[in-house]
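Colleague: I would like to learn how to read charged pairs and burial in a model. Can we go through one case together?

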Amino acid sequence: MKTKVLMCLIPGMLCILIMGGCTMYQSETDQSDSMVSSMASTQTSLPNSSESVDVALEQAVSDAILSHNRGSFRGDDKQMFVTEYHEILKTVVQENAAEVYLVALYAQYQFEEGEAKLTGSGSNPCVITIVSADGVYSATDYWEPEDGENYENSLRSRFPEDVLESGTELSEPNAMEICNQRAMDYFEGQGADSSKPSA
């Protein structure tokens, strides 16, 4: 069984090199207390097909981005919607683990005066370590480069040269607009209940 999972895992992760991903996540502000902001430790079940492996890996990456960033921005009783957009630049697979090099955009919103208001966002290159055990993907480490004058050296210390040469910026020029639209769609879907966090 483990051999079959690994045989699906490796080609699936290699397919990720080609595709970037974006997903959304909605949750109550109260759940932010149970999320770890310094190191993601999310788990996503791994189905038995290479296509499902791609989806499971993308979901694990998305969950890690949301979990890591949630505690870094404003949070209050009106905080109701978070989302992310990411582009995977490279995936390096070793046995049952993968280092995913990507650029992540995080955004959070609250509903105020009839509209979705952005209350925090950030975009950064990062490296997320994903492990697979017993059919479950878990993000065990989330690395970002240092801020300030040591940014370039920090980035070069962790990112492969081929990725640095290709660039570590989002290629999608409308990534923020995509996140904004998700927030508007979410709050419109809530209708009269827009003043309450999602379940």
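Colleague: Is K90 buried, exposed or partly exposed, by its relative accessibility?

Modeller: Keep in mind that this is a predicted model. K90 has 22% relative accessibility, so it counts as partly exposed. The cut-off for buried is under 20%.

Colleague: Which side chain does K90 meet in a salt bridge?

Modeller: The general idea is that side chains of opposite charge can pair when their charged atoms come close. Here the partner of K90 is D162, with an N to O distance of 3.0 Å. The two belong to distant parts of the chain: K90 sits in strand β3 (residues 79–94) and D162 in helix α4 (residues 161–166), 72 residues apart. D162 is partly exposed, its relative accessible area being 39%.

Colleague: How many salt bridges does a search of the whole structure find?

Modeller: Six. Another of them joins E99 and R158, whose closest N and O atoms are 2.9 Å apart. E99 lies in strand β4 and R158 in helix α3 (residues 151–158), so this pair ties together parts 59 residues apart in sequence.

Colleague: What are the relative accessibility of E99 and the relative accessible area of R158?

Modeller: For E99 the value is 25%, so E99 counts as partly exposed. R158, at 22%, is partly exposed.

Colleague: Which residues are linked with R158 in a network of salt bridges?

Modeller: To read a network, look for a residue that appears in more than one pair. R158 forms a salt bridge with E99, and D141 forms one with R158. In the D141 pair the closest N and O atoms are 4.0 Å apart, and the cut-off is within 4 Å. That pair links distant parts of the chain, with D141 in strand β6 (residues 136–143) and R158 in helix α3, 17 residues apart. E99, D141 and R158 are thus linked in a network of salt bridges. D141 has 28% relative accessibility and counts as partly exposed.

Colleague: Now a case without a salt bridge in the question. Is Q110 buried or exposed?

Modeller: Q110 counts as buried, because its relative accessibility is 1% and the cut-off for buried is under 20%. Q110 is found in strand β4 (residues 97–112), the strand in which E99 lies.

Colleague: What joins the side chains of Q110 and E112?

Modeller: A polar contact of 2.8 Å.

Technical notes: Residues numbered from 1 in each chain as written. Predicted model: local features only at pLDDT ≥ 70, side-chain atom pairs only at ≥ 80, totals over all residues. Heavy atoms only, no water. Helix = DSSP H or I, 4+ residues; strand = E, 2+ residues; numbered from the N terminus. Buried < 20%, exposed > 50% of the residue type's maximum accessible area, 1.4 Å probe, protein only. Polar contact = N/O pair within 3.5 Å; in protein donor to acceptor, adjacent residues only side chain to side chain.
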